[in-house]
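Q: Please take a close look at the sheet in this predicted model. I would like its pairing, its salt bridges and the nonpolar core described together.

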Amino acid sequence: GVTIASALLSALTGRRCRPALGMTGEITLTGLVLAIGGVKEKVLAARRAGLKTVILPKDNEVNLREDLKSDEIAGMEFRFVSGME
């Protein structure tokens, strides 16, 4: 998924991923990031792990807003992506 692609890109460029950063998603061979299931559970797990920034597929933005309460995501930053560019 997206995490593996990021790890490969990090290895190729020599640039590290930021600490306390979580990401999830499925990526196509052309670099499109696809929606995933279980957004609520994944975000709550990220919070328990102490992550401050989470990257999610753009198509899952509505799930975050509908499935989680504001106090459950307070203090966290979310970035929504549709591609690996």
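The answer below starts with the strands and then turns to charged pairs and the core.

A: This is a predicted model. Start with the strand order. The sheet is open and has three strands, arranged E1-E4-E5. Their pairing is parallel. Strand E1, residues 21-23, is an edge strand. Strand E5, residues 77-81, is the other edge strand. Each of these two pairs on one side only. On average, neighbouring strands are turned by 20° against each other, with direction ignored. In general, strands of a sheet pair through backbone hydrogen bonds, either parallel or antiparallel.

Now take E4 and E5. Strand E4 covers residues 53-57. Five bridges join E4 to E5, and the two run parallel. Within this pairing, Pro57 stands opposite Val81 in E5. Pro57 also appears among the contacts of Ile36.

Next, the charged pairs. Two salt bridges turn up in a search of the whole structure. One joins the side chains of Glu77 and Arg79, at 2.9 Å from N to O. Glu77 has 35% relative accessibility. Arg79 has 37%. Both values lie between the 20% and 50% cut-offs, so Glu77 and Arg79 count as partly exposed. The other salt bridge links the side chains of Lys58 and Glu61, also with an N to O distance of 2.9 Å. Lys58 is partly exposed, at 44% relative accessibility. Glu61 is partly exposed too, with a relative accessible area of 25%. As a general point, side chains of opposite charge can pair when their charged atoms come close.

Then the core. The largest nonpolar core holds twelve residues. Val54, Leu56, Phe78 and Phe80 are among them. So are Ile36, Val39, Val43 and Ala46. Leu64, Leu68, Ile73 and Met76 complete the set. Three elements give two or more residues to this core: helix H2 (39-48), E4 and E5. H2 supplies the largest share, three residues. In soluble globular proteins, nonpolar side chains tend to be buried together.

Finally, one core member in detail. Ile36 belongs to the largest nonpolar core. Leaving aside residues up to four places away in sequence, Ile36 touches Thr24, Gly25 and Glu26, among others. Lys42, Pro57 and Asn60 are also on its contact list. Pro57 thus links back to the sheet, since Pro57 stands opposite Val81 in E5.

Technical notes: Residues are numbered from 1 along each chain as its sequence is written. This is a predicted model: local features need pLDDT of at least 70, side-chain atom pairs count only at pLDDT 80 or more; totals for chains, interfaces and linings use all residues. Side-chain values use heavy atoms; hydrogens and water are left out. Two strands pair if DSSP finds at least two bridges between them. Helices (H or I, at least four residues) and strands (E, at least two) are DSSP runs, numbered from the N terminus. Axes are lines fitted to C-alpha atoms, for helices over the stretch in contact, and angles run from 0 to 180 degrees between N-to-C directions. A salt bridge is a side-chain nitrogen of Lys or Arg within 4 Å of a carboxyl oxygen of Asp or Glu. Buried means under 20% relative accessible area, exposed over 50%, partly exposed in between (1.4 Å probe, protein chains only). A nonpolar core is a set of buried Ala, Val, Leu, Ile, Met, Phe, Trp, Tyr and Cys residues joined through side-chain atoms within 4.5 Å. Contact means heavy atoms within 4.5 Å.
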